[in-house]
Amino acid sequence: MSKILSERQKIIEKFPDRYAETAKDKRFLALAICGEAGELANYLKKEWRDSKDYSEEIMDEIADIRIYLELIAKTYNIEGDKLDERVIAKMKRKEREVNG
Ligand SMILES: [Mg+2]
């Protein structure tokens with residue numbers, strides 16, 4: 001397990017039970033990813049509309065999405081390095097599809 005993932009797991013284990021339970025519920029996690037993606041889209045919209053820099057907020061929302069993505073991946077036992085390997089395999093399949 002990567003150092004970051006291990007540290008994240010320690011933090012999650014310190015959550016009150018109520019949060020620890022929702023952190024294992026795939027339905028909650030799927031909705032949370034959608035919610036965070038909406039927050040990201042909203043900052044991108046504001047940046048586009050207002051020509052204002054929201055980089056910090058955008059990076060926080062990207063981090064939020066990653067947190068929930070790692071948590072839902074964990075429910076399928078593909079978090080951390082295993083998820084990275086899965087992403088690479090998927091990208092290679094896509095590359096073969098595109099390039100023949
Ligand atoms: Mg957020």
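These legends walk through a few close-up views of one predicted model. Residues are numbered from 1 along each chain as its sequence is written. Because this is a predicted model, local features need pLDDT of at least 70 and side-chain atom pairs count only at pLDDT 80 or more, while totals for chains, interfaces and linings use all residues.

**View 1. The whole protein chain has five helices and zero strands.** Helices (H or I, at least four residues) and strands (E, at least two) are DSSP runs, numbered from the N terminus. Along the sequence the pattern reads α-α-α-α-α. The radius of gyration, taken over C-alpha atoms, is 16 Å, well over the 13 Å that the globule rule (2.2 Å times the number of residues to the power 0.38) gives for 100 residues, so the chain is more spread out than a compact globule.

**View 2. Helix H3 covers residues 26-50.** Its end C-alpha atoms are 36 Å apart, which agrees with the 36 Å expected for 25 residues (1.5 Å times one less than the number of residues). The buried residues of H3 (20 or more other C-beta atoms, placed from the backbone, within 10 Å of their own) are Leu 29, Ala 32 and Glu 36. These buried residues pack against H4. Just after H3, Ser 51 takes a positive phi of about 50°.

**View 3. Asp 60 sits in helix H4, residues 55-75.** Is Asp 60 buried or partly exposed? Asp 60 is partly exposed (between the buried cut-off of 20 or more and the exposed cut-off of 12 or fewer), because it has 15 other C-beta atoms within 10 Å. The C-alpha atoms of Asp 60 and Trp 48 are separated by 18 Å.

Key:
Two residues are in contact if their C-beta atoms, placed from the backbone, lie within 7 Å.
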